[in-house]
Amino acid sequence: MIHPCLRLSINSRLSTQTHYLFKKLSTVPNVDPLPSTSNTESKDTSQEPEVPNPLRYHDYFQVRNLVKVKDMFDAKVHLGHKIGSLDERMKPYIYGVRQGQIIFDLDQSAELLRDALNFVAHIAYRDGIVLFVGQSAQNSLLIEKTAQDCQEFAHTRFWRQGMFTNSEKLFRAVTRLPDLVILTNTLTTVLEPNPAIGEAAKMCIPTVGIVDSNCNPNLITYPVPGNDDTPSAIQYYCQVFKTAILKGKKAKQDTLKLLSEKQEVQHN
């Protein structure tokens with residue numbers, strides 16, 4: 001342990017040496033420590049295009065503008081099921097009840113849908129595989145057409161157990177699983193939770209799901225409260241999801257073009 005008097009002496013010496021050092025440095029002219037390169041050796045990078053990083057932006061793909069409360073209202077997204085079928089876990093997203101029918105809070109639904117679309121666009125930007133899943137017979141053609149328009153995949157038939165968790169044995173080959181699953185409805189035709197949700201959670205595959213008033217939103221990565229069976233609502237969802245995917249792929253093409261231009265500048 002240092003004696004207090006000795007500690008005081010050491011501190012005074014250190015302060016004196018520090019003052020002397022700063023005094024000497026103040027008399028030295030400002031000199032660049034690194035040798036400056038000549039104009040012929042220096043490389044002009046002002047002409048090189050900058051490649052943006054989408055993760056640094058809140059809405060890089062401009063998908064938040066796609067969602068408007070009026071459009072959701074016109075598509076009947078706000079209409080839930082009867083009050084008797086309400087799942088207790090959906091109460092935070094409920095605005096109220098009118099004539100026994102549950103009404104969703106579209107302000108919450110719109111904000112959650114914006115977050116989901118932003119995530120979908122990021123997955124498409126990184127060349128991720130997007131799988132649309134739904135078991136509604138009246139909307140199956142629309143879902144498959146949406147996946148085809150954005151060059152992705154759809155599964156609108158009966159879900160076989162193990163399609164994610166036991167894919168190699170089921171398909172007898174090494175199968176690449178999707179990077180994102182979009183569920184237009186999270187219940188099967190017999191009102192049971194879609195088994196794709198549980199399998200996706202086990203395989204750490206993120207999910208975006210439309211959750212109606214009788215659904216469980218807990219296992220969905222990006223739940224979007226809203227009507228999951230009316231054709232107008234499903235058409236609205238498919239339209240915004242398709243636009244988000246196409247925006248992400250378009251941004252990826254623009255980034256690749258910038259990279260090629262940057263490489264040309266560097267070679268020249």
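A salt bridge here is a side-chain nitrogen of Lys or Arg within 4 Å of a carboxyl oxygen of Asp or Glu. Going by that rule, this predicted model has 13 salt bridges. Aspartate 149 and lysine 242 make one of them, with N and O 3.7 Å apart. That pair ties together distant parts of the chain, since aspartate 149 sits in helix 4 (residues 140–149) and lysine 242 in helix 7, 93 residues apart.

**The overall picture**

- The protein has seven helices and eight strands.
- Of its 268 residues, 40% are buried.
- Take the contacts with a separation of 6 or more: 68% of them are between residues 24 or more positions apart.
- The accessible surface adds up to about 16,800 Å², and carbon and sulfur atoms account for 55% of that.

**Helix 7 and its neighbourhood**

- Helix 7 covers residues 231–267, and lysine 242, the partner of aspartate 149, belongs to this helix.
- Aspartate 149, on the helix 4 side of that pair, has 34% relative accessibility, so it counts as partly exposed.
- Helix 7 also holds a salt bridge between two of its own residues, aspartate 254 and lysine 250, whose closest N and O atoms are 3.1 Å apart.
- Those two residues are four positions apart, or about one turn of the helix.
- Aspartate 254 is at 35% relative accessibility and therefore counts as partly exposed.
- Lysine 250 gets the label partly exposed too, because its relative accessibility is 46%.

**A nonpolar patch on the surface**

- Val51, Leu256 and Leu259 build a nonpolar surface patch of about 220 Å².
- Leucine 259 is a helix 7 residue.
- With 36% relative accessibility, leucine 259 counts as partly exposed.

**Other salt bridges to look at**

- Aspartate 87 pairs with arginine 89, and their closest N and O atoms are 2.9 Å apart.
- How buried or exposed is aspartate 87? Its relative accessibility is 14%, and buried means under 20%, so aspartate 87 counts as buried.
- Arginine 89, on the other end of the bridge, has a relative accessible area of 40%, so this residue is partly exposed.
- Arg64, Glu111, Arg114 and Asp115 are joined up in a network of salt bridges.

Methods:
Residues are numbered from 1 along each chain as its sequence is written. This is a predicted model: local features need pLDDT of at least 70, side-chain atom pairs count only at pLDDT 80 or more; totals for chains, interfaces and linings use all residues. Side-chain values use heavy atoms; hydrogens and water are left out. Patches are made of residues with over 30% relative accessible area and no salt bridge: like charges are joined within 9 Å, nonpolar side chains (Val, Leu, Ile, Met, Phe, Trp, Tyr) within 5 Å. Accessible areas come from the Shrake-Rupley method with a 1.4 Å probe; for residues, only the protein chains shown count as cover. Buried means under 20% relative accessible area, exposed over 50%, partly exposed in between (1.4 Å probe, protein chains only). Contact means heavy atoms within 4.5 Å.
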